[in-house]
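Please look through the sequence and the structure below before reading on. The briefing that follows takes up the sheet and then the two domains.

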Amino acid sequence: MFKNAVENIEPYTPEVPIKKLQQELGLKNIVRLSANENPFGTSLAVKEAILNWDFTTAREYPDSNANDLRQAVAKFQNVLPEQLLFGCGLDEVIELIARTFLDEGDEVLEPWPTFSEYKLHATIENATVVDVPIRTSDGQFDLAQMCQKITPKTKLIWLCNPNNPTGTYIPVSTLKKFIDQVPEEVLILVDEAYVEFVTEPGETSAISLLKDCDHLVVMRTFSKIYGLANFRVGYAVIPEALIGKMQAVRLPYNLNDVSQLAAKAALSDQKFVQQTQARVATARNQWQDFLSQQGLKFYQSQANFIFFEAPQALKLKETLLQNGYLVRSGLQPDWLRVTFGTTAQNEAMQQVIKDFYETL
Ligand SMILES: *Cc1c(COP(=O)(O)O)cnc(C)c1O
C-alpha cells in the first residue's frame, strides 16, 4: 500500500501539549525547555496587529504571495522580493526542498547530529542520506570530510548554522571557503533558524554570500528568536534561477493571513529581538560557566540552547521533569539539550542538576 520509502519511516516526534503533559504527570506547572521556544514570549506588536485583523476576511483565501510580508522581509534582508519563498514554518520549506530537488537514488549530505527533518524528507523522496559525524572533541562540522563525501550523485548539502542540537557555529568566512569547494551542481542549504542568537563578531549570515553564489539557499524562521512558533512562518532566500520551480511546487495557500500579519509585526520590532538576544547571551555564558564548574562536557553554543554530556541522562531528564522542567533527550546517547529559560528557571534547573549529581 505505502510507497517503499514510507514503509519504514521514523516519524518526527512532536512536543506533547504542555497542558496534557501536566495532567498526565499530575504536575501543576511544566516549563518546556525542550523545543527552543522563546521564554520571553513574543513582541507586543504582534498582539496588536492580530487584534486589529479584519475578521470579515476569515472567509477569504489568504494572500498566496504573502505580499506585505514579502516586501518587509526583502527590505530587511536587502534582497529582491522575488527571491523569497515563504513556508508554513521552516519545516515546510525543508519539505519543499526535498520535494523539488530529490529523485530516487540522489544523495544528500549532512553533518550528524543535526536537525532530523532533512533526513526525514530526503528519505520520503527515496534519496540516500550520507551522515558525516561531527568532531567529537568540539562538536564542530568536519567540513573537509564533507567535501570528500561529495559524489556525482550528491544533490543537496545541509548545513544548520548554528547547528541544532549541538549549538556550534561556523563563521561565514569558513562557510565561504567550504562553498568554494562544492561543485555548482550541488545545492547548499544553510539553515539559519538560530542565527539571530549569534554574538560572535563578524558577518553571521550566509545571505551575504548569495550575490556571488547561485547554488546556495539560506533559510530563516520566525519560530525561535521572534517567539512565533505557533504561527508557523519560515522563509528561504533563493537564487533567482531556482525560485520559479520551487514556487510551482509550493501549496498555493500555505500561509494564512493572520500568520503573515503576525510575522510582519514581529519583524518590525527589532528591539524585542535585541533584548532577547542579550538575555539569551547572558544565560548562555551562565550555563557554560555552570557546566564547566560541574565538570560536564558541552559544546560551545551560539544558539538559545546548550548540548551537554549528562551521565545517566534519562534519569536526570526524569528528575528535571518531576521538578517541572522538560528538556530534550534522544539526540545522542547520554547527552541532553536544554533551551535557556528565564534567569529564575535557569537557576532552578541548575540546582536540580547539581543535587542530582551530588546524590548519585
Ligand atoms: C526549529 C527549527 C526549524 C523549524 O522551524 P519552524 O519554522 O518552526 O518550522 C528548522 N530548522 C531548525 C534547525 C530548527 O531548529
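**A sheet and two domains**

In this predicted model, G87 stands opposite G234, a residue of strand 8. The two strands concerned, strand 2 and strand 8 (residues 233-237), run antiparallel and are joined by five bridges. In general, the strands of a sheet pair through backbone hydrogen bonds, and the pairing may be parallel or antiparallel.

**The sheet**

- Seven strands make up an open sheet with mixed pairing, and their order across the sheet is 2-8-7-6-5-3-4.
- Strand 2 (84-88) and strand 4 (128-133) are the edge strands, each of them pairing on one side only.
- From one strand to the next, the twist averages 25°.

**Helices packed on the sheet**

- Helix 4 (residues 67-77) packs on the sheet, where it touches strand 2, strand 7 (216-221) and strand 8, and its direction makes about 120° with that of strand 2.
- Helix 9 (residues 240-249) also packs on the sheet, touching strand 2 and strand 6 (187-191), and its direction makes about 30° with that of strand 2.

**The two domains**

- The chain is divided into domain 1, which takes in 14-36 + 271-358, and domain 2, which covers 50-268.
- The contact takes 21 residues from domain 1 and 24 residues from domain 2.
- Between them the two domains bury about 1,800 Å², and 59% of this lies on carbon and sulfur atoms.
- Across the interface of domain 1 and domain 2 there are zero salt bridges by the rule used, whereas 11 residue pairs are found in polar contact.
- On the side of domain 1 that touches domain 2, helix 11 (270-294) and strand 9 (305-309) are the elements that give two or more residues, and helix 11 provides the largest share, seven residues.

Notes. Residues are numbered from 1 along each chain as its sequence is written. This is a predicted model: local features need pLDDT of at least 70, side-chain atom pairs count only at pLDDT 80 or more; totals for chains, interfaces and linings use all residues. Side-chain values use heavy atoms; hydrogens and water are left out. Two strands pair if DSSP finds at least two bridges between them. Helices (H or I, at least four residues) and strands (E, at least two) are DSSP runs, numbered from the N terminus. Axes are lines fitted to C-alpha atoms, for helices over the stretch in contact, and angles run from 0 to 180 degrees between N-to-C directions. Contact means heavy atoms within 4.5 Å. Domain bounds come from an automatic or database domain assignment. Buried area is the accessible area (1.4 Å probe) that two parts lose on being put together, summed over both. A salt bridge is a side-chain nitrogen of Lys or Arg within 4 Å of a carboxyl oxygen of Asp or Glu. A polar contact is a pair of N or O atoms within 3.5 Å; within protein, one must be able to donate a hydrogen and the other to accept it, and residues adjacent in sequence count only if both atoms are side-chain atoms.
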